[in-house]
Amino acid sequence: MQIIIFGPPGVGKGTQAKIISHELGIKHISTGDILREAFRAKSEIGLKAKEIMDRGELVPDEIMGKLVEEAINRPDSSHGFILDGFPRTLNQAKILEPILERTDFENFIFIQLSADDEIIVNRLSNRRVCTFCKSIVNLNLLDDITTCPNCGSKSSFEKRDDDDEKVIRNRLKVYRETTLPVLEYYRNRVKIISVDGIQPIHEITKNILSRLKTEHV
Ligand code: AMP
């Protein structure tokens, strides 16, 4: 099964993609994670991408297309994958087409998550990443901000550089202007599962999994 999970920054794509990939036994391919990993490894692409990411802009399509093709062609994607953060432009959707055609999968599913801008700004401003297990937490939802609820470690939480309010608002603008047309591109081509992204995490997961079961699998 191949899934695209789509929506504005901070709507919960990464959180849901992680859970769904685990539930369905498919690979989670997050282009944001790939770029952050490339930066940590100090690769040329990673260093170049970091500057762009810190402004809330998009990394060039050719670079992203290559990174995604590599990830899809890896053996651990052979049972299926969920793409999180790609495609983000119409051109990327077109680059993806022949890559998907070369895979053996018949089911192509598009999940759209949505939420209002102000909810997103609030969520992302309070988003932190556990330095130990890398899980995403929201400071507003933590009873104890010194302990990671996922791995239990006395974790220090990190704030992503692009989770700064000014950058968040630019990311939302880029989403509206450049990424939203991707939804229209797929509307006439595939069946879209639309889910409200402001419900609690487990409700969103339940909703997605039941719709995948009844409508697609
Ligand atoms: P994310 O972790 O998905 O929020 O992505 C963080 C940042 O990485 C984005 O704001 C972009 O700067 C960059 N990025 C991730 N995926 C893409 C993509 N498909 N195309 C261009 N830039 C991307």
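Which residues line the second largest pocket? The legends below start there. The model shown is predicted.

**View 1. The second largest pocket and its lining.** Lys18, Lys27, His28, Ile29, Ser30, Asp33, Ile34, Glu37, Leu67, Glu70, Ala71 and Arg74 line the second largest pocket. The space inside is about 250 Å³. β2 (27-30), α2 (31-40) and α4 each give at least two residues to this lining. β2 supplies the largest share, four residues. Sorted by class, the lining holds six charged, four nonpolar and two polar residues.

**View 2. Helix α2 against helix α4.** The two axes come within 11 Å and cross at roughly 100°. α2 and α4 are therefore roughly perpendicular to each other. From α2, the contact takes in Thr31, Ile34 and Leu35. From α4, Met64, Leu67, Val68 and Ala71 meet them. This contact of α2 with α4 counts six nonpolar residues, one polar residue and no charged ones. Ile34, Leu67 and Ala71 belong to this contact, and they also appear in the lining of the second largest pocket.

**View 3. Helix α2 against helix α3.** Here the axes of α2 and α3 come within 7 Å and cross at roughly 120°. The angle lies outside the 65 to 115 degree range for roughly perpendicular, and α2 and α3 are therefore oblique to each other. Their crossing is left-handed. On the α2 side, the residues are Gly32, Leu35, Arg36, Ala38 and Phe39. On the α3 side, Ile45, Gly46, Leu47, Ala49, Lys50 and Met53 meet them. By class, the contact of α2 with α3 has seven nonpolar residues, two polar and two charged. Leu35 of α2 takes part here, and Leu35 also meets α4 in View 2.

**View 4. Helix α4 beside helix α5.** Helix α4 spans residues 61-73, and helix α5 spans residues 90-101. Their axes come within 10 Å and cross at roughly 30°. α4 and α5 are therefore roughly parallel to each other. α4 passes α5 in a right-handed crossing. The α4 residues in contact are Asp61, Met64, Gly65, Val68, Glu69 and Ile72. Their partners in α5 are Asn91, Gln92, Ile95, Leu96, Ile99 and Leu100. The residues of this contact divide into seven nonpolar, three polar and two charged. Met64 and Val68 contribute to this contact with α5, and Met64 and Val68 also meet α2.

**View 5. Backbone at Lys42.** Most residues other than glycine have a negative phi, and most peptide bonds are trans. Lys42 is not a glycine, yet its phi is positive, at about 60°. Lys42 sits in the loop between α2 and α3 (44-55). The helices on either side of this loop are the pair that cross at roughly 120° in View 3.

**View 6. The peptide bond from Phe86 to Pro87.** Is this bond cis or trans? The bond is cis, with omega near 0°. Pro87 lies in the loop between β3 (81-84) and α5. The helix after this loop, α5, is the partner of α4 in View 4.

Key:
Residues numbered from 1 in each chain as written. Predicted model: local features only at pLDDT ≥ 70, side-chain atom pairs only at ≥ 80, totals over all residues. Heavy atoms only, no water. Axes fitted to C-alpha atoms, helices over the stretch in contact; angles between N-to-C directions. Parallel < 35°, antiparallel > 145°, perpendicular 65-115°, else oblique. Left-handed = near helix turned anticlockwise from the far one by under 90°. Contact = heavy atoms within 4.5 Å. Nonpolar A, V, L, I, M, F, W, Y, C, P; charged D, E, K, R; others polar. 1 Å grid on protein atoms, 1.4 Å probe; cavity = no way out; pocket = protein on both sides within 12 Å on 5 of 7 lines; lining within 4 Å. Points joined across faces, edges and corners; volume = space filled by probe spheres on them.
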